[in-house]
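Please open the structure in your viewer and keep the selection panel handy. We will take it one stop at a time.

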Protein chains: 2
Amino acid sequence: MPQIDRSLIADAPAFAGLDAAALDDVLSHALPCRLPKGEAAFRQGEPAEKFFLLLHGRLRVTRLNAQGQQILVRFVNPDDLFGVAMAIQSPVYPGTAEAAVDSLALAWPNSAWAGMIARHPTLAVNTMRALGARLQDSQQRILDLSTQKVEQRIAGAVLRLARQAGRPSEAGVKIDFPLSRQDLAEMTASTLYTVSRTLSAWEAFGLVEAGRQSLTVRDAPGLQAIADAEG
Amino acid sequence: MPQIDRSLIADAPAFAGLDAAALDDVLSHALPCRLPKGEAAFRQGEPAEKFFLLLHGRLRVTRLNAQGQQILVRFVNPDDLFGVAMAIQSPVYPGTAEAAVDSLALAWPNSAWAGMIARHPTLAVNTMRALGARLQDSQQRILDLSTQKVEQRIAGAVLRLARQAGRPSEAGVKIDFPLSRQDLAEMTASTLYTVSRTLSAWEAFGLVEAGRQSLTVRDAPGLQAIADAEG
DNA sequence: GGCGGAATTTGCGCGCCGACAAGGAAGGAG
DNA sequence: CTCCTTCCTTGTCGGCGCGCAAATTCCGCC
């Protein structure tokens, strides 16, 4: 078994409050999992046999309905848990997680979960908080879908991405992983056509700089004003 | 301190796996909380000082956006936890919970939470599962909002309500609490006008029986067919 | 350097469903 | 019984944004 350095996971909120010995115990059951761009950690409907912590990179979690239409549930950022189907007693993964860029994760077999939370109850509390935060996000998204117009939702999504995965660049804050018009459409319950038109209009106003699978926010307050507009 | 009977909460999933002594310990911190129809257990934005378990009745949880538009987040059923803001580290309630019918709940001060999960780690696991289930529901709802037409969403909402709160009656399965067109609109990101038209059409086909704040499902498979239709 | 495919742009038309207006029905209070 | 409030129904109109088609640009790859 390869020895994994404790410092890799010490900063993850999921393992906050665990001491060095506990971290070593947790790590002793983990296996590294390389995910080249495009590869899936798991696919919707597969038996849920593992859960993961993202160390480096970025994953897209998507969900299909019966008719094959797809939405983008969320992006997984470093230090996030993902694939925690066993926390909700689901025998299968409810979505698909694939690498948006070359990524590295740690994987634990589900069988290790029960022992881990029994020995380290803090883990259950931390996981509860993580789920609670995601529940909050989901309910906010439902509210946005229910009450906002498409342009506002796209503005909100872009601002959130810039906050979570933005890197300062010459022209503003650049979202530092490939992001297509289709991705934004699947995040905002819209279509790639509408997203394309919207970004073109914003670019004309100097709010963003839009490229092929790339997006730079030039005027965050301007976007925020669009997101906050009533209508 | 009034002695509350253990059997009141023994069936709640939140307290599954706790023995009699643990249940008594939990109950020793609880206070009964009567909620006449229309009264709120808490309102959005208030400091979150308590969490609750519904014993009897039915609550509507709503959420407002900055412009005052409202959605109906969920109905709270007996044996459900609600107001668990502290599980997600939120200092205020993110929504409003008001009684749809005369209801009875148990309330705990937030200060009791830390001790309770420390003494009974199963509680954290149970709460985690409950949050996970709600997260699943929320993500399914986002998928529905993103990919379905209004009529399908209304059909889905009605079927879910009939399953959760249906009581067999002469003509079919009656949803056994007051439910207005406005409620259904707020659940499905629609308007009371569209909901009214839809129910009228369904009634003409014999799928449902719609009254003032009341709804009876006569042909669940027929509704399911509408919900499943592609388009 | 040229080729092929994927991502994006843009024009055009129409359909769902939201918004307003006005009227009707049901139920509770006195 | 009557009033008044709340809830519901139904008609009409119009706009947002989806859907298709087709052209264009960009990038990787051979």
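Start by selecting chains A and B: a rotation of 180 degrees with 0.0 Å of shift along its axis superposes chain B on chain A, with an RMSD of 0.0 Å (a least-squares fit on the C-alpha atoms of residues with pLDDT of at least 70 in both). That is the relation of a two-fold axis. The copies meet through the same surface, because 100% of the interface residues of chain B are also interface residues in chain A (contact means heavy atoms within 4.5 Å).

Some notes for your selections: this is a predicted model, where local features need pLDDT of at least 70, side-chain atom pairs count only at pLDDT 80 or more, and totals for chains, interfaces and linings use all residues. Residues are numbered from 1 along each chain as its sequence is written, chains are lettered from A and ligands numbered from 1 in the order in which they are written, and side-chain values use heavy atoms, leaving out hydrogens and water.

Next, select DNA strand C. Which residues come nearest? Of the 18 around this strand, they are A:Arg181, A:Ser196, A:Arg212, A:Gln213 and B:Thr194 (near means a heavy atom within 4 Å). Sugar and phosphate make up 59% of the atoms of DNA strand C that come within 4 Å of the protein.

Now show helix 7 (192-204) in chain A and in chain B: each supplies at least two residues of the surface near DNA strand C (helices are DSSP runs of H or I, at least four residues, numbered from the N terminus). Helix 7 of chain A gives the largest share, five residues.

Finally, zoom in on single residues. A side-chain N or O atom of A:Arg197 is 3.2 Å from a base nitrogen of DNA strand C, while a polar side-chain atom of A:Ser200 lies 3.4 Å from a phosphate oxygen of that strand.

How values were computed: A polar contact is a pair of N or O atoms within 3.5 Å; within protein, one must be able to donate a hydrogen and the other to accept it, and residues adjacent in sequence count only if both atoms are side-chain atoms.
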